[in-house]
Amino acid sequence: MRPVVAPTLLLFLCAGLLACDRTPTGDIAAPAGSAATPAASDAARIEADVRALADDAMEGRQTATAGYDRAADYVAARYAEAGLAPGGDGGTYFQAVPLLRATLLADGARFEVRRDGQTIALAFQREFLPRASFHTADAAVQAPAVFVGQAVHAPELDHDDFAGLDLRGKIAVLFGGAPSSFPGTQRAFHASQREKLRHITERGAVGAVFVNTAADEVRMPWARAAGNWDTPTMRLRGPGGAPIDGWPQLQVIAAVSASAADALFAGGDQSAAMLFDAANRGALRGFDLPGTLSLAGRSAIAPVQSRNVVGRLPGSDPALVAEHVVLTAHLDHLGIGAAVKGDRIYNGAIDNALGVAIMLEAARTVRAATPAPLRSLLFVALTGEEQGLLGAEWFATYPTVARAGLVANINLDMPVLTAPSSDIVPIGVEHSSLKAVVTAAAAEIGVGVSADPFPEEVVFVRSDQYAFVRAGIPAVYLDGGVVSADGERDPKVALTYFLRNCYHQPCDDADQPIQYGDAARLARLAANIGTRVGNAPARPTWNAGDFFGGRFGGAAIASGPDARAAEATTPGAAGASVD
Ligand SMILES: [Zn+2]
């Protein structure tokens, strides 16, 4: 799981079964039951996989590390055991993902406000952090600044933070997020850093400063996020070695803590506190800031490589074998970082060893059933999720099978199954025909379906399914339940506890009270959904008038083999990205 859209600093670092003439076999429909049923061994296999992937020996599985590669080899071995065919490059289970890694250096970092003959220097790490550059080891810019609110341009909602402002040659100063008056989906879309940086760049800015608001820091204190300032960040590496979505026009991108915001806004018409309040009320207006800003940052930049791990179950219908239902779970996590209570290894048991383990169990389940679904199924353990959905973006842009044949994505990420539940939460099903599929599958498995308990977290755009959505492919993100199974332990409370205390912390390890029976049920559900989509007469479709379908839905249709070849030479045009 990726960090929430705000606070901004974190983003730095961070159809039925063919009308049912075919009855599911194997343990797809097996009820969760006694120890003698397949369910018990399902749970044990999932637990063994979680314990292996979240072991200290995997060193937190950070993208492009030896620990991640050990975890990738483990997943490939499990695919082979399950009888999946290699679905990666050149007959292997692996798809190479070229990356650039940039690490910020403290030495040479600068944030100065020059105004009325005075210079105010902010303190590195405590008050500001430059973002590592993927373009130049020594980045610097000095220019006047303009405050652009939340940098949201949404004419469809009659909102334009850039109205009347001239950004040419200036440094854009902005807040994260998007107006709370926006509908959830549009709010999430416009809150993304990708959209903000795109608009700023198009308008001629030469730098960007993200200012944390007081509300941002209630969610995530600056100091906690800033403690990992030297954690490397990554981008996809395009042909010729240039980063994809690196924003070269923006010489320096920096973040400023809420407590240091006054130094930035002093001398203008409005104080930081007034602006934080206006942001809460949706009443922000942009303006030119007095004086100039002088920003600098040094970075160590290196080309690296990581791997997606791809297993394939060929479809049983020769006419549909080239179409693929893609099940995904990200394998990477945060690696080794700042110590918390003496522990420096960010094991990522729930985020997302558990999702991968559930995907592996779903693969075993579908593989064990006969005949195979009509369409093919792909199982992809993705790299680079925590770095900005990079492995998913690469796969959705350069899949190892025909891109036009990708019919749906079913993603598993960070199911917080730490209290027994009787339901699941299918995020994003309201956008496509997948809703009917998920509803039917859940009824067959005997699991309830609940709405997203925290719609304000907009997780549909925060995990790997969004890379598929942006490629025009209907997707669902299967998340853990929120209804208590025993009437005592409340999954919603357990989820909140996890998010506050162990999310992206070293304590997200295999000691968490993971409910492996619930995990096994989620695996059966994922297998059932994959099988239903695989056997449906037609591939899934976006709902009429849907926001994502309207914005991206044409991409899937437009992308025949020729389109794929064209993108192979210009990957940037395909919109691979960063958020
Ligand atoms: Zn995460």
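This report walks through a helix pair, a buried helix and some backbone details of a predicted model.

## The α11 and α14 pair

Let's start with two helices that meet. Two packed helices are described by the angle between their axes and the distance between the axes. Here the pair is α11, residues 434-445, and α14, residues 516-535. Their axes come within 9 Å and cross at roughly 130°. Angles over 145 degrees would count as roughly antiparallel and 65 to 115 as roughly perpendicular, and α11 and α14 are therefore oblique to each other. The hand of the crossing is right-handed.

Which residues make the contact? On the α11 side they are L434, V437, V438, A440, A441, A442, E444 and I445. Helix α14 contributes R521, R524, L525, N528, I529, R532 and V533. By character, these contact residues comprise ten nonpolar, one polar and four charged.

## Helix α9 and its surroundings

Helix α9 covers residues 349-368. With 20 residues at 1.5 Å a residue, α9 should span 28 Å, and the 26 Å between its end C-alpha atoms agrees with that. Is this helix enclosed or open to the outside? Since 18 of its 20 residues are buried, α9 is largely enclosed by the rest of the structure.

A loop residue also touches I350: T418, found between β17 (406-412) and β18 (423-427). T418 has a relative accessible area of 11%, and buried means under 20%, so T418 is buried. Leaving aside residues up to four places away in sequence, the other partners of T418 are A494, Q512, P513 and Q515.

## Cis peptide bonds

Two peptide bonds deserve a look if you plan to check the backbone geometry. The bond from D351 to N352 is cis, with omega near 5°, and N352 lies in helix α9.

The bond from T370 to P371 is also cis, with omega near -10°. P371 belongs to the loop between α9 and β16 (376-382).

## Positive phi outside glycine

Where does A64 sit? A64 is in the loop between α1 (38-53) and α2 (66-82), and its phi is positive, about 65°, although it is not a glycine. With a relative accessibility of 17%, A64 counts as buried.

D158, likewise not a glycine, has a positive phi near 55°. This residue is in the loop between β6 (153-154) and β7 (159-160). Is D158 buried or exposed? Its relative accessible area is 76%, and exposed means over 50%, so D158 is exposed.

Notes. Residues numbered from 1 in each chain as written. Predicted model: local features only at pLDDT ≥ 70, side-chain atom pairs only at ≥ 80, totals over all residues. Heavy atoms only, no water. Axes fitted to C-alpha atoms, helices over the stretch in contact; angles between N-to-C directions. Helix = DSSP H or I, 4+ residues; strand = E, 2+ residues; numbered from the N terminus. Parallel < 35°, antiparallel > 145°, perpendicular 65-115°, else oblique. Left-handed = near helix turned anticlockwise from the far one by under 90°. Contact = heavy atoms within 4.5 Å. Nonpolar A, V, L, I, M, F, W, Y, C, P; charged D, E, K, R; others polar. Expected span 1.5 Å × (residues − 1). Buried < 20%, exposed > 50% of the residue type's maximum accessible area, 1.4 Å probe, protein only.
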